[in-house]
Amino acid sequence: MYDLTGKHVCYVADCGGIALETSKVLMTKNIAKLAVLQSVENQPAIAQLQSIKHSTQIFFWTFDVTMARQEMKKYFDEVMVQMDYIDVLINGATLCDERNIDATINTNLTGMMNTVATVLPYMDRKMGGSGGLIVNVTSVIGLDPSPVFCAYSASKFGVIGFTRSLADPLYYTQNGVAVMAVCCGPTKVFVDRELNAFLEYGQTFADRLRCAPCQSTASCGQNIVTAIERSENGQIWIADKGGLEMVTLHWYWHMADQFLSYMQSTDDDNQEQFVSGRR
């Protein structure tokens, strides 16, 4: 179990819907500090969170997840003045706009990767950090394709690929930062808005989705925190229909033995093989 008591948590997402409900649950876990980085200030949400636990310090910054990495670095230098350090980074910024592919990819994938790349040095044990946990909040259509929201689905597949790659022991054994993802199923706040299909053939389905039965934001937020508390490096969870399920990961491609042997050998071994091969 991952104990959230006393932790410093940084949540990158607008403080409404799933992010607000997740933050409410986090506030009941005796965390020491909560930083919420959002695109639009939400004063009622700030007051609501602070009323749950007065002893937890809460900080809010207006944040554009699509900003250039150089600007992001300057931004987080200021964030760290207040936070001191980050134990848990939660990436939850999301956009589903099939008519604006660039914005969808930049918000859901590129911005998330830039945020991780910016924050990791503060957490990396070899760079003076204490290790920690990165949680990427994504979607079930990052596990299975969506014929309606093609751009959104592609961006969420990218989140899963990035999460699994960064969780590799090559990194974790050195930097001490575990990486996991939670894939949310259809949730009320997401579907309760006008959505456009990637192609017009799927628009009828997109329109019907607004009235479809789906989980509440409160249920989803609770399960995200539960997944964090149960987390181990590399895990992928599904939070859907009020429940939580761990994904059994599958590898479709396996390295050829010769390639694997080469990649696992040392530089000296490689040089010896090279010289031997030239004889």
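Is Lys74 buried or exposed, and at what relative accessibility? At 53% relative accessibility, Lys74 counts as exposed. The model discussed here is a predicted one, and this briefing takes up the packing of helix α4 against helices α3 and α5, the surroundings of Val116, and the salt bridges, of which the structure holds five.

**Helix α3 against helix α4**

- Helix α3, spanning residues 69-83, packs on helix α4, spanning residues 101-123, with the two axes 10 Å apart and at an angle of about 45°, and that angle makes α3 oblique to α4.
- The crossing in which α3 passes α4 is right-handed.
- On the α3 side the contact is made by Arg69, Met72, Lys73, Phe76, Asp77 and Met80, and these meet Gly111, Asn114, Thr115, Ala117, Thr118, Val119 and Tyr122 on the α4 side.
- Sorted by class, the residues in this contact of α3 with α4 comprise six nonpolar, four polar and three charged ones.

**Helix α4 against helix α5**

- Helix α5 covers residues 150-166, and its axis and that of α4 come within 8 Å of each other, crossing at roughly 15°; the two helices are therefore roughly parallel to each other, since angles under 35 degrees count as such.
- As α4 passes α5, the crossing is right-handed.
- From α4, the residues that make this contact are Ile101, Thr104, Ile105, Asn108, Leu109, Met112, Met113, Val116 and Leu120, while α5 contributes Ala151, Tyr152, Ser155, Lys156, Gly158, Val159, Phe162 and Leu166.
- The contact of α4 with α5 divides by class into 12 nonpolar residues, four polar residues and one charged residue.

**Val116 and its surroundings**

- Val116 has its place in helix α4, and with a relative accessibility of 1% this residue counts as buried, the cut-off for that class being under 20%.
- Leaving aside residues up to four places away in sequence, Val116 touches Leu89, Asn91, Ile134, Asn136, Phe162 and Leu166, and Phe162 and Leu166 are also among the α5 residues that make the contact with α4.
- Between Val116 and Ala167 there are 12 Å in space, taken from C-alpha to C-alpha, although the two are 51 residues apart in sequence.

**Salt bridges within helices**

- In helix α1, which runs over residues 17-27, Lys24 and Glu21 are three residues apart and so are separated by about one helical turn; the two form a salt bridge in which the closest N and O atoms are 3.2 Å apart, and both Lys24 and Glu21 are buried.
- In helix α3, a salt bridge joins the side chains of Lys74 and Glu71, with an N to O distance of 3.6 Å, and because these residues are three apart in the helix, about one helical turn separates them.
- The partners of that bridge fall into separate exposure classes, Lys74 being exposed at 53% relative accessibility and Glu71 being partly exposed at 42%.
- Helix α3 also holds Asp77 and Lys73, which lie four residues apart, about one turn of the helix, and whose side chains meet in a salt bridge at 2.9 Å, N to O.
- Asp77 is partly exposed at 34% relative accessibility, and Lys73 is likewise partly exposed, with a relative accessible area of 39%.
- Asp77 and Lys73 therefore have two roles in this account, as partners in a salt bridge and as α3 residues in the contact with α4.

Definitions and conventions
Residues are numbered from 1 along each chain as its sequence is written. This is a predicted model: local features need pLDDT of at least 70, side-chain atom pairs count only at pLDDT 80 or more; totals for chains, interfaces and linings use all residues. Side-chain values use heavy atoms; hydrogens and water are left out. Axes are lines fitted to C-alpha atoms, for helices over the stretch in contact, and angles run from 0 to 180 degrees between N-to-C directions. Angles under 35 degrees count as roughly parallel, over 145 as roughly antiparallel, 65 to 115 as roughly perpendicular and the rest as oblique. A crossing is left-handed if the near helix is turned anticlockwise from the far one by less than a right angle, and right-handed if clockwise. Contact means heavy atoms within 4.5 Å. Ala, Val, Leu, Ile, Met, Phe, Trp, Tyr, Cys and Pro count as nonpolar, Asp, Glu, Lys and Arg as charged, and the others, Gly among them, as polar. Buried means under 20% relative accessible area, exposed over 50%, partly exposed in between (1.4 Å probe, protein chains only). A salt bridge is a side-chain nitrogen of Lys or Arg within 4 Å of a carboxyl oxygen of Asp or Glu.
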